[in-house]
Amino acid sequence: MSANPTNGPGGITRRNFLTTVGAGAIGAAVSENALAAGKEVAPPQVTPAGRSVEVALRVNGRTHVVQAETRWTLLHVLREVIGLTGAKPGCERGECGACTVLIDGIPRYACLTLAVEVQGHDVTTLEGLMDGEKLGTVQAAFVEADAFQCGYCTPGQVMAVEGLLRANPNPSVEEIRRGVSGNLCRCGAYQHIFKAAHRAAELKAGK
Amino acid sequence: MADESKDIYYVEGTPIPETPLPGKEPPPWRETSVVGKALPRVDAYERVSGSAAYPSDVHLPNMLHGAILRCPHPHARIRRIDASAAAKLPGVRMIISGNTPEADLIWKKDPVGDMRLFEPICRFEGDVVAAVAAETPYQAWDAAHAISVDYEVLPFVADERQALKPGVPVVHPKGNVSKTDRYERGDIAQGFAAADVVLEESYRTECELHTPLEPHGCVANWDGRSLTIWESSQGVYAVQSRVAEVLKLPLARVRVIGHYMGGGFGSKLEPGKYTIIAALMAKLSGRPVRLFLTREETYLCVGNRPPTNMTVKAGVKRDGTLTALEFSVLGTGGAYTAGGTSLADWLARDLYTCPNVRTISTDVFINAGPARAFRAPGHPQGAWALEQMMDTLAEAIGMDPVQLRLKNIPSVSQAREGNPPYTSTAFKECLELGAAAFGWEKARGEARAQRASRHIRRGVGMAGGLWFAGGGRPPSTVVVKLFPDGSANLNMGASDLGTGTKTVMAMVIAEELGIKPEAVQIECADTGTTQYATPSGGSKTVPTEAPAVRNAAVQVKQKLLEMAAEALKVDAAELVYRGRDIASRQDSSKRIAVKDLEALKRQGIVVGIGYRGPNPKNMTTHPFAAQFCEVEVNMLTGELKILRFLAAQDSGRVMNRLTYGNQVIGGITMGIGLAATEQRILDTGRTGKMVNRNWHDYKLPTALDVPVDVTVLPVEPVDTAANNTGAKGLGEPATIPTAAAIANAVYHATGLRITCTPIHPQQLVQRLADRPKEG
Amino acid sequence: MLPSFDYIRPKSVQAAITHLATGSAQAHAGGTDLMGCLRERIFPVGKVVSLSGLPELRGVSETADGGLRIGALTALSALSEHPIVIKRFGGLAQAAGEVGSPQLRNQGTLGGNICQKPRCWYYRTDFTCLRKGGGTCFAVDGENQFHCIFGGGGTCFIVHPSDTAPALVALNATARLAGPRGSRDVPLEKFFVLPEVDVQRETVLARGEIVTEIRIPPPVSGTRSSYRKVRARRSWDFALAGVAMALRFDRKRVIDGRVVLSGAAPIPWRSKEVEQIVRGKELTVDVIAAAAKAVTSGAEPLEKNGYKLALFQGMIEEELTLMAASA
């Protein structure tokens with residue numbers, strides 16, 4: 001698995017000159033100690049409730065060492081501690097898919113995953129599909145197919161498609177539908193999502 | 001990066017609409033060169049890259065996290081709140097409740113009396129009881145759970161069908177009737193007497209929840225005496241006015257920002273109590289507060305499409321002429337006045353030519369969360385009843401359902417005073433072209449031929465609709481700024497809910513100014529920096545904002561022409577704006593590049609202000625739709641599979657073919673939810689509580705519940721009267737006929753008339769089992 | 001938001017067992033079900049014992065006798081996509097592939113799937129019901145459209161939510177359990193507990209005990225297995241009604257086999273009535289009709305789940321017809 005997956009040939013880049021008011025800098029608790037992937041950090045002794053532990057998370061190819069309560073989910077740590085807000089909270093109970101990230105290349109719900117459980121694994125978020133300011137292939141295909149409306153479920157949809165295509169580079173329409181059947185889109189843009197997934201497969205195959 | 005000394009953002013060779021004389025509105029477009037194309041969104045990059053900051057992504061320094069403790073009973077009096085244990089928990093910085101003097105505020109005026117922010121009597125499960133702000137959201141919830149409340153649990157009514165029975169508990173002292181509306185035209189008795197066939201049937205739609213993917217909520221921050229709120233909202237000015245009213249602040253000191261938002265569907269047209277609570281806790285703690293609802297909370301207290309119980313009695317002649325329609329509906333807006341039956345009768349009143357119509361709407365109170373507008377309020381429900389009745393009538397007189405509808409197409413709005421004509425209606429073309437493109441007759445015939453064999457049966461159905469609004473209206477003010485290089489800013493107060501508003505507006509500016517759409521930067525939805533707009537809803541955003549944007553762009557051109565007239569020393573009327581330059585019509589040697597205009601150099605930019613002009617008098621503007629579908633029913637298990645859909649939509653001019661198609665497939669998806677999967681379930685008997693307040697138990701359609709094969713067929717009437725763009729609303733009409741079309745297809749497949757939503761296996765398999773065995 | 005809890009990730013099964021044997025500890029396998037239970041605060045959890053440090057509990061392998069050994073921590077997607085499982089234990093592959101959503105299958109484990117808590121909405125939200133130690137069942141005269149038609153025993157009317165459990169019972173699987181007093185093997189059929197036996201437990205697991213692996217005996221030649229699930233939406237939903245079959249055929253005749261229902265009872269429910277009717281017979285239209293009718297004999301529907309009678313009958317008719325066609 002590559003930490004920086006292939007990028008779309010379209011090379012869509014940031015269009016607006018003005019930036020939006022938004023997420024401020026977070027990450028007070030973040031440091032960047034290089035840690036060998038796979039190294040076990042959590043000690044095999046009991047961490048008492050309410051106590052924070054040092055958790056090393058490898059996200060988009062970089063290791064972040066954070067202080068986290070053991071009850072904090074991966075979604076919470078990504079968004080509130082590391083400051084990656086691509087993965088969205090929609091339900092925080094594994095029922096919408098807006099928080100979908102790849103763990104070791106496989107789509108999972110970040111809201112149902114404790115951060116401490118992800119140590120030693122590779123996490124890829126929406127931000128990790130970017131190459132600098134260039135969109136990744138699946139993201140570019142979503143733009144081309146207009147595969148979203150409000151865009152809030154989109155990070156999860158993109159990651160579900162990314163995970164699908166890594167496992168199955170040439171999916172049928174039925175496989176695509178099944179592949180994104182763990183991601184709700186209340187705006188209902190499903191048919192455009194199917195088209196985007198198909199288009200992304202083509203782009204990845206160099207078509 | 002652009003070299004700002006050049007004028008690279010103008011487009012060569014595309015025709016640019018004529019510029020009207022100053023003070024004149026531009027005539028409607030004929031041909032367009034940018035508007036109508038299938039262009040990707042101007043904010044697509046932000047939305048797919050993760051760089052778009054939604055309100056729930058906003059993280060301010062020193063920010064606290066809020067949580068709300070809500071009443072677990074549908075009806076209870078709060079005797080005592082004890083937050084002493086909660087206050088001692090780690091990280092807790094603020095707890096407010098009805099005991100907090102600063103929180104003693106009127107939240108909303110209601111005909112039944114003022115609603116307080118913290119009501120001493122909770123009339124629905126999920127009304128607020130107390131709120132906490134803490135260092136982390138986890139700590140906030142720990143504290144909310146640690147607050148002890150002593151409730152006197154009161155008797156409740158949770159089923160609107162029981163609300164008017166004698167002896168039933170009352171929600172408000174004045175009784176359980178919220179409102180009764182009547183409408184009548186012609187002579188209903190005479191109408192039924194003139195009919196060859198009179199049929200009557202009752203229908204019910206279940207309560208639906210909006211559940212947009214981004215939960216409701218906001219971040220609130222005080223800067224001295226000024227309050228800034230980042231709210232997930234459909235209308236920042238609507239949030240501003242309510243917050244200012246409740247907190248008794250000058251409007252100018254309340255800034256509401258909503259650049260992005262994760263879906264609303266009507267439920268975010270107004271702020272919530274959470275908005276006030278966040279602002280209050282931020283004020284009292286002196287720190288910013290983020291307060292977003294949990295998914296479970298969004299099921300209880302931020303609106304719904306209320307349940308309806310409808311009866312339709314209809315008379316028709318053998319030739320298909322409708323002679324009488326009688327429609328009644330019983331519904332509920334929940335525990336407060338919230339339009340529980342609003343517009344449910346509108347289609348009965350207005351969709352088909354019928355001289356004799358009577359409707360009666362009874363709206364009652366129950367102990368459940370108040371309704372809010374939900375994508376085409378009342379209409380999908382009304383269509384569920386009326387469009388199934390049309391199907392039944394057609395069968396009774398041996399007429400094709402499409403033909404019966406074609407027989408009764410009105411050109412005027414009969415339900416409105418003075419019967420104003422529509423500025424345009426292509427309902428007829430939606431039916432005809434839609435049926436042809438779908439292959440209606442062939443599909444109907446083949447589905448029938450397939451019967452008798454396997455246990456999987458096919459059916460084909462259709463339904464029509466119109467939307468009560470959709471023409472747009474004043475007020476709206478926008479500002480367009482053109483730079484010498486041909487790039488432009490649009491300043492617009494409206495929110496883009498994901499419908500593609502921003503992209504459409506960029507295309508309007510590109511069309512008028514001859515510049516690249518991607519050279520338009522848009523600042524929107526910020527009461528501090530953008531102009532006034534009403535909330536985005538009711539399918540009125542494009543027909544409201546696009547004409548104003550066009551007017552602003554036209555004013556830019558008028559100013560440029562004046563500048564050029566001064567420079568070239570000719571009359572402005574002689575000049576034509578060509579994008580990059582301005583030239584004389586008579587003498588092509590008289591020309592000047594926009595970037596070379598001295599007057600422009602002096603001021604740096606040209607500013608155009610556009611207002612939404614009034615709608616035409618004595619006419620009315622509405623979108624129309626006809627949808628066709630094919631389904632399969634498993635006769636052994638009651639499973640329904642929707643195979644394909646075709647939507648023929650008249651929403652006037654197509655502004656962007658790509659986002660147009662997206663809106664329509666979204667409407668169909670939502671209609672599939674109403675038809676087949678969605679239903680709020682209250683434990684009406686014992687506790688009155690909602691039992692399916694999550695996305696597992698309350699079922700939205702998934703990727704596997706929608707057909708792959710969906711065709712969107714825009715039908716574009718030339719509408720020169722509605723507004724200067726010819727566009728009508730699209731979002732709501734796309735979902736109005738969907739559920740009824742599915743029900744009609746299920747009837748065609750099975751011979752079973754399913755009058756209650758949702759058509760899920762639970763209902764369908766039972767109905768299949770109950771039917772008399774086929775011989 | 002999750003409440004706080006003590007947390008440990010032991011390095012050995014023995015250590016995990018020791019930690020699970022004390023206090024209100026809960027095992028964390030994939031966590032998909034546990035997170036929901038924690039969020040809703042359904043039961044107090046003092047300590048979460050993570051099993052993710054136990055790689056030996058993962059993986060699918062063939063045993064010497066041609067049977068199958070599945071580590072309890074094997075992800076459902078790994079199971080449903082495993083070539084041997086697909087080829088020789090098709091019903092289990094189908095069942096694992098019908099669970100939840102792709103992401104839940106990537107995270108959820110086989111052990112967790114058979115040990116998951118009920119989905120009764122009264123149990124899952126803020127109702128203090130019998131199973132949570134309260135004094136009353138809210139479903140019996142409440143919103144019981146998704147509840148059981150068999151095995152409620154007048155106390156608690158949950159259905160067992162697992163898709164894989166009925167498939168495993170049909171395939172005559174055995175669970176290996178490890179606990180403070182050593183390990184033991186329990187046939188899956190005996191693994192689940194009816195409410196009349198203990199209304200607060202779903203399985204026979206004793207305190208401190210975990211499932212370490214599932215073993216399936218080699219399928220006798222001529223055996224075909226399948227799983228069919230009917231639900232209210234096509235993804236991400238539990239069974240309204242489901243059936244796992246493992247039938248052994250001699251040409252067109254059924255020699256024997258098991259028929260196990262999901263969505264029917266508080267445990268995976270063997271329909272011995274259907275098994276008895278098809279045993280020794282060719283699946284003719286008449287035999288299938290008799291079997292379909294028999295599947296609901298003895299059923300006790302509640303006020304709002306009467307549709308399950310027609311649904312189970314229709315589903316059995318459809319599934320046996322399919323079986324007959326492939327025989």
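**Exercises on two interfaces**

Across the interface of domain 1 and domain 2 of chain B, 3 salt bridges are found. The model is a predicted one. The exercises begin with this interface and then turn to the contact of chain A with chain B.

**Exercise 1.** Locate the domains of chain B and state how far apart the C-alpha centres of domain 1 and domain 2 lie.

*Solution.* Step 1: the domain assignment gives domain 1 of chain B as 56-154 + 211-301, domain 2 as 308-470 + 619-770, and domain 3 as 472-611. Step 2: between the C-alpha centres of domain 1 of chain B and domain 2 of chain B the distance is 36 Å.

**Exercise 2.** Describe the area buried between domain 1 of chain B and domain 2 of chain B, and say which three residues of domain 1 supply the most.

*Solution.* Step 1: on the domain 1 side 27 residues are in contact, and on the domain 2 side 23 residues. Step 2: about 2100 Å² is buried between these domains of chain B, with 60% of it from carbon and sulfur atoms. Step 3: E125(B), F265(B) and Y299(B) supply 28% of what domain 1 of chain B buries against domain 2 of chain B, more than any other three residues.

**Exercise 3.** Find the partner of K689(B) in a salt bridge, then describe the side of domain 1 of chain B that touches domain 2 of chain B.

*Solution.* Step 1: the partner of K689(B) is E125(B), and their closest N and O atoms are 2.8 Å apart. This pair counts as a salt bridge because the cut-off is 4 Å. Step 2: 12 residue pairs are in polar contact across the interface of domain 1 and domain 2 of chain B. Step 3: helix α7 of chain B, residues 295-301, gives the most to the domain 1 side, with 5 residues. Step 4: that side holds 14 nonpolar, 6 polar and 7 charged residues.

**Exercise 4.** Describe the contact between chain A and chain B.

*Solution.* Step 1: chain A brings 59 residues and chain B brings 72 residues. Step 2: the buried area is about 5700 Å², and carbon and sulfur atoms give 59% of it. Step 3: there are 7 salt bridges between the two chains. R79(A) and D57(B) form a salt bridge, with 2.8 Å from N to O. Step 4: 32 residue pairs are in polar contact across the interface of chain A and chain B. Step 5: on the chain A side, the elements giving two or more residues are α1 (74-82), α2 (137-145), α4 (173-179) and α5 (190-204). Helix α2(A) gives the most, with 5 residues. Step 6: by class, the chain A side has 28 nonpolar, 17 polar and 14 charged residues.

Methods. Residues are numbered from 1 along each chain as its sequence is written. Chains are lettered from A and ligands numbered from 1 in the order in which they are written. This is a predicted model: local features need pLDDT of at least 70, side-chain atom pairs count only at pLDDT 80 or more; totals for chains, interfaces and linings use all residues. Side-chain values use heavy atoms; hydrogens and water are left out. Domain bounds come from an automatic or database domain assignment. Contact means heavy atoms within 4.5 Å. Buried area is the accessible area (1.4 Å probe) that two parts lose on being put together, summed over both. A salt bridge is a side-chain nitrogen of Lys or Arg within 4 Å of a carboxyl oxygen of Asp or Glu. A polar contact is a pair of N or O atoms within 3.5 Å; within protein, one must be able to donate a hydrogen and the other to accept it, and residues adjacent in sequence count only if both atoms are side-chain atoms. Helices (H or I, at least four residues) and strands (E, at least two) are DSSP runs, numbered from the N terminus. Ala, Val, Leu, Ile, Met, Phe, Trp, Tyr, Cys and Pro count as nonpolar, Asp, Glu, Lys and Arg as charged, and the others, Gly among them, as polar.
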